[in-house]
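Work through the exercises below with the structure open beside you. Try each task before you read its solution.

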Protein chains: 2
Amino acid sequence: MDAIQEQTRDRLLEAAGEIFAEFGYRATTVREICQRGKANVAAVNYYFGDKMALYIATVERAHCSGPELLDVVWPTGWTPQQKLAVFIRQWLEQQLAEDRPTWHMRLMLREMSDPTDACVKLVEAYIRPMANTLRGIIHELVPGDLAEQRGWMIGFSIVSQCLFYKVHRPIAELLVGREEYSQLNLPLLADHITRFSLAALGQGEPLTASTSGVERMT
Amino acid sequence: MDAIQEQTRDRLLEAAGEIFAEFGYRATTVREICQRGKANVAAVNYYFGDKMALYIATVERAHCSGPELLDVVWPTGWTPQQKLAVFIRQWLEQQLAEDRPTWHMRLMLREMSDPTDACVKLVEAYIRPMANTLRGIIHELVPGDLAEQRGWMIGFSIVSQCLFYKVHRPIAELLVGREEYSQLNLPLLADHITRFSLAALGQGEPLTASTSGVERMT
DNA sequence: CTTGAATTAAAACAATTGTTTCATACACTT
DNA sequence: AAGTGTATGAAACAATTGTTTTAATTCAAG
């Protein structure tokens with residue numbers, strides 16, 4: 001039956017995703033994947049051909065179960081400020097989710113800083129839609145000519161802040177100290193990044209206005 | 001003489017730095033290092049013991065020839081706005097320098113997102129001083145209580161923007177398009193990040209004030 | 001029950017890895 | 001010039017890598 005063949009194929013795919021996301025392509029062995037996937041060493045080549053094909057399949061699977069930021073249709077009446085707040089918060093939630101299949105985002109981030117052959121596909125299917133969503137928000141936030149001139153840089157300024165807490169988490173934790181870093185929870189980070197970015201664009205009070213905006217957001 | 005033994009040792013160290021920085025620890029082979037360093041395969045173990053010791057030595061060498069942002073003594077009379085502008089620009093310059101031994105920064109960044117045993121040393125000797133410099137600037141820019149509460153996050157918001165253009169350059173280039181991305185040169189980026197961050201902190205005009213600040217800076 | 005294709009398992013494959021061994025070449029001291 | 005200790009070179013080491021081969025097993029259809 002298909003139920004059984006698909007079973008080990010899926011187990012392999014899931015195991016590969018976790019390990020690839022954690023150690024990267026070259027640092028993971030097919031033996032380790034097969035061990036976690038409870039399959040024989042030959043299973044990888046049987047189902048996928050070779051290791052790289054398995055990796056590509058893993059990346060594709062990762063952005064198939066993609067996030068909700070891809071093609072957002074915003075409720076009518078929302079201000080761009082609200083949209084940006086939701087965008088940032090959802091990005092962070094997906095990035096910092098501890099419990100769920102967290103390896104999707106990890107694998108994507110790894111591909112983003114150390115691209116392989118799967119990179120181009122990933123950009124078109126996953127990243128560009130998200131970029132378009134963000135660019136739409138930015139177009140609402142700032143005058144048209146500025147958005148044309150600096151739209152990309154403004155977008156990068158926003159997402160880079162989000163990416164930081166996942167990509168450079170080890171260093172940030174070492175720098176701040178473990179217990180103090182643990183206080184930088186998701187709502188606090190989302191609030192900070194949102195207000196920092198809005199203030200930079202002249203929308204919203206600058207950070208010096210010491211409203212402890214966390215409670216305001218949640 | 002020492003001149004000769006030190007010679008191949010240094011050649012090895014330099015070659016290792018370049019390759020480690022480009023491909024990471026596990027993905028680089030000692031044979032490749034020795035080939036570029038024009039030494040025998042046994043040279044690595046002869047001079048350093050094993051591969052990991054060579055890697056550690058490489059990281060230490062990287063942050064020995066560290067940047068000028070470590071312990072800055074600012075000229076008297078400088079405003080914190082000026083200091084931040086210089087800080088950001090120097091960071092970007094060191095990051096995006098094409099010609100010079102660019103692998104120092106690359107190796108550091110790699111260690112920052114994929115830490116190995118050398119990570120702790122790197123943070124204390126290299127990153128923490130830079131963080132302190134930035135935190136000093138932030139303390140001048142914003143009120144004391146806010147700097148205490150959100151000092152780390154503000155700092156992360158600033159450096160994350162700088163890091164982005166190095167760490168995620170491949171994706172950014174794919175997203176923007178090669179020719180358009182090439183227009184994002186160093187002065188433009190430095191200007192944008194500086195004004196974005198200053199505006200976020202209520203110091204300086206927000207980005208919507210469409211002064212094409214590039215010429216103003218250079 | 002038999003047949004036959006699909007899946008799994010075990011073993012071996014060649015290639016590459018980090019590391020070690022040992023012989024040679026070299027430089028410097030006596 | 002002989003001897004000594006260091007640096008280099010070529011070869012081989014054992015271990016691990018991705019991949020292939022071949023046999024055993026499974027399981028539904030005839």
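The exercises go from the whole chain to single helices, single residues and the contact between chains.

This is a predicted model, in which local features need pLDDT of at least 70, side-chain atom pairs count only at pLDDT 80 or more, and totals for chains, interfaces and linings use all residues. Residues are numbered from 1 along each chain as its sequence is written, while chains are lettered from A and ligands numbered from 1 in the order in which they are written.

**Exercise 1. Confidence and fold of chain A**

Find the average pLDDT of chain A and the stretches where pLDDT is below 50.

Solution. Start with the score: pLDDT is the predictor's confidence in each residue, from 0 to 100. Chain A averages 86, and 88% of the residues score at least 70. Next, look at residues 1-5 of chain A: pLDDT is below 50 there, and the stretch has zero contacts beyond near neighbours in sequence. Two residues are in contact if their C-beta atoms, placed from the backbone, lie within 7 Å. Residues 210-218 of chain A also fall below 50, with 13 contacts beyond near neighbours in sequence.

How many helices and strands does chain A have? Take DSSP runs, numbered from the N terminus: H or I of at least four residues for a helix, E of at least two for a strand. Chain A has twelve helices and zero strands. Now count contacts in chain A with a separation of 6 or more: 66% of them join residues 24 or more positions apart. Finally, 39% of the 218 residues of chain A count as buried. Buried means 20 or more other C-beta atoms within 10 Å of the residue's own, exposed means 12 or fewer, and partly exposed lies in between; C-beta atoms are placed from the backbone.

**Exercise 2. Two helices**

Check the span of α4(A) against 1.5 Å a residue, and locate its buried residues.

Solution. The expected span is 1.5 Å times one less than the number of residues. Helix α4 of chain A, residues 51-64, has 14 residues and should span 20 Å; its end C-alpha atoms are 20 Å apart, so the two agree. Its buried residues are A:Leu54, A:Tyr55, A:Thr58, A:Val59, A:Ala62 and A:His63. They cover an arc of only 165° around the axis, so they sit on the same side of α4(A). The arc is that of the directions from the helix axis to the C-beta atoms. An α-helix has 3.6 residues a turn, so residues three or four places apart point the same way.

Repeat for α11(B). Its 15 residues reach 21 Å from first C-alpha to last, close to the 21 Å expected. Twelve of the 15 are buried, so this helix is mostly covered. Among them are B:Leu189, B:Ile193 and B:Phe196. Just after α11(B), B:Gly202 takes a positive phi of about 75°.

**Exercise 3. Single residues**

Is B:His104 buried or exposed? Treat A:Lys38, B:Lys38 and B:Pro129 likewise.

Solution. B:His104 lies in helix α6 of chain B. It has 23 other C-beta atoms within 10 Å, so it is buried. A:Lys38 is in the loop between α2 (30-36) and α3 (43-48) of chain A. With 12 other C-beta atoms within 10 Å, A:Lys38 is exposed. Its phi is positive, near 55°, in a residue other than glycine. B:Lys38 has 11 C-beta neighbours inside 10 Å and counts as exposed; its phi is about 50°. B:Pro129, in helix α7 of chain B, has 17 such neighbours and counts as partly exposed. B:Pro129 and B:Val72 are 57 residues apart in sequence but 9.2 Å apart in space, C-alpha to C-alpha.

**Exercise 4. Contact and symmetry**

Describe the side of chain B that touches chain A, then find the operation that lays chain B on chain A.

Solution. The contact takes 44 residues from chain B and 45 residues from chain A. Elements of chain B giving two or more residues are α6 (103-113), α7 (119-141), α8 (144-167), α9 (169-176) and α11 (186-200). The largest share, twelve residues, comes from α8(B). The side of chain B divides into 31 nonpolar, nine polar and four charged residues. Here Ala, Val, Leu, Ile, Met, Phe, Trp, Tyr, Cys and Pro are nonpolar, Asp, Glu, Lys and Arg charged, and the others, Gly among them, polar.

For the operation, superpose by least squares on the C-alpha atoms of residues with pLDDT of at least 70 in both copies. A turn of 180° and a shift of 0.0 Å along the axis lay chain B on chain A with an RMSD of 0.1 Å. The copies are therefore related as by a two-fold rotation axis. B:Ala200 comes closest to that axis among the residues of chain B, at 1.9 Å (C-alpha). The same surface serves both copies, as 100% of the contact residues of chain B recur in chain A.
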